[in-house]
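Please explain how this protein chain is put together, beginning with one of its helices and moving outward to its cores and to a single strand residue.

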Amino acid sequence: MKKILVVDDVQEITELVVMILESELDQYEFLEFSSGNQAISYLKESPQDVDLIICDHNMPDGTGSDVYTFIKDNDLQIPYIHMSTGLHTEFEKLKSLLEDHPANACMTKPFDDEILTSLTMSALSLKKDPSEKKYTQLSIVNVSPYIGEFFKVYIEIDNKPRLLFNDSTTTDQVKIIELKNKGLTHVLVETDEYHQWIKSKLSHLNKMVGECHFEEPHNIKQLTDTLFKHSVLIINQANPKELNLEKMTKSFEIVLNTLWDKSEIKKDLLKVFSHLGYLSGHSAICMVLSWLYTKKHKQGDLSLFHKLSYASLLHDISLPDDHTSALLTRSDVDKSEYKESEKDFILQHPNYSAEKLESLDVIDSDTLRIIKEHHEKPDGSGYPKSLSKSNSHKLSTAFQFILTLAHIIYTKKDLDEIRNDDRLKGFELKDYQELLDCLQRN
Ligand SMILES: [Fe+2]
Ligand SMILES: [Fe+2]
């Protein structure tokens, strides 16, 4: 039987990954390992039947890098999904992951059952069965520790599901063990109940990941970087329908609501983001500023916050790297060392970002317009269209201001100097007074 290796030092994670996948992939056997070295030992013995490896990175006994290096050194040609809180590019040995094999992928934690399934199916070149099944089949070995958590459990007799338990409080583990001993390999649960159960397990796990890391600025940085890169990754690689902007914005909002009132964190928050790469760093700062702007000037208008934060997150989605995302004005682009054709591309990137998002049908028309106009300036000196304030969308000017401020904060560490920065010339500072004040009080 073909095999999928699932490697993570947190047992709950390997179990859950297997449970999520086995309902879609009944032709595979899943092998769980708690360390990189365990997985390597298995691969040394019998690499031939392994069709996929899903592997955490930071584990005490052998990291994801060790496993990946072993696969590469031995030319095993097994697709590899990196599953970690950080992106693969943070690890030297994994930098070329996506180029090395067309089926390789990166999945950041906290993850989602749909993302996991979709990345796995595409790594195995399989298509998801679109029909909605009433029952989901689970292997009894994996499900037995949790069986009491399902309200209804069935077994298949003569191709029909027969109810085994219909009350989670009286589930008899002994009966399950008996059935297992008699050779029963699978049970059925109701698909709807199963999805709910998976969601609650995942949210518990993701909360656990969150609680471990929220307190230190270093980890807020990691969390934010993950959030941003995750969205870029989904847009560029996987099924765009999985891009849950609302959920991502919500995570960000929770982080901000939790942290902004903690004075010592507040002081560091923006500074922390400016230690990220330019692309995710200035986008993260932009999102914080969108949150503050909405809170201070627009009574926390949630739909406005969503528009501004989606624009913060996605405006530079067409740019290739940190370097190009640092160019704010037309003259920054003109002065850069890029070739003329590259400069043309950079000057058109607001349109390319919008086109990309438009074809995916993931955001509303206001946000698309804001993205198209994110490098315009109220005095008409911006690009690509040199639109003045009166020709821009009414939300674009606010976003242009927020974005310019984000560029300034990213590059200038002294917040008291912001107001005098040349890049703010052309904006009506009095329209943003409270936002500027609350930055300076930091
Ligand atoms: Fe940008
Ligand atoms: Fe841009």
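Two residues are taken to be in contact if their C-beta atoms, placed from the backbone, lie within 7 Å. With that in mind, and remembering that this is a predicted model, one can begin at helix α2, whose buried residues are covered by elements that include β1 (2–7), β2 (28–33), β3 (50–55) and α3 (64–73).

Helix α2 spans residues 36–45, and within it G36, A39, I40 and L43 are buried. Seen down the axis of α2, these buried residues fall within an arc of 100 degrees, so they line one face of the helix. An α-helix has 3.6 residues a turn, so residues three or four places apart point the same way. On the other side of α2, by contrast, S41, K44 and E45 are exposed.

A39 leads from this helix into the wider interior, being one of the residues that touch the most other members of the largest nonpolar core, a set of 48 residues in which V17, I53, I54, I81 and M107 share that distinction. Helix α1 (residues 11–22) gives the most to this core, contributing seven residues. Domain 1 (1–129) and domain 2 (131–194) both supply residues to the core, so it lies between them. In soluble globular proteins, nonpolar side chains tend to be buried together.

The surroundings of I53 can be listed in detail: leaving aside its neighbours within four places in sequence, I53 is in contact with L5, V7, A39, V67, I78 and Y80. There is also a second, separate core, made up of 39 residues, and among them are L276, W291, L313 and L319.

A further place to look is P161, which sits in strand β8 (residues 160–165). Is P161 buried, exposed or partly exposed? Because it has 18 C-beta neighbours inside 10 Å, P161 counts as partly exposed, given that a residue needs 20 or more to be buried and 12 or fewer to be exposed. Apart from its neighbours within four places in sequence, P161 is in contact with Y135, Y154, E156 and L188. Of these partners, Y135 lies 26 residues away along the chain, and the C-alpha atoms of P161 and Y135 are separated by 8.5 Å.

Turning finally to the chain as a whole, it has 19 helices and nine strands, and 38% of its 442 residues count as buried. Among contacts between residues at least 6 apart in sequence, 68% join residues at least 24 apart.

Note on methods: Residues numbered from 1 in each chain as written. Chains lettered and ligands numbered in written order. Predicted model: local features only at pLDDT ≥ 70, side-chain atom pairs only at ≥ 80, totals over all residues. Helix = DSSP H or I, 4+ residues; strand = E, 2+ residues; numbered from the N terminus. Core = buried A, V, L, I, M, F, W, Y, C linked by C-beta atoms within 7 Å. Domains from an automatic or database assignment. Arc of directions from axis to C-beta.
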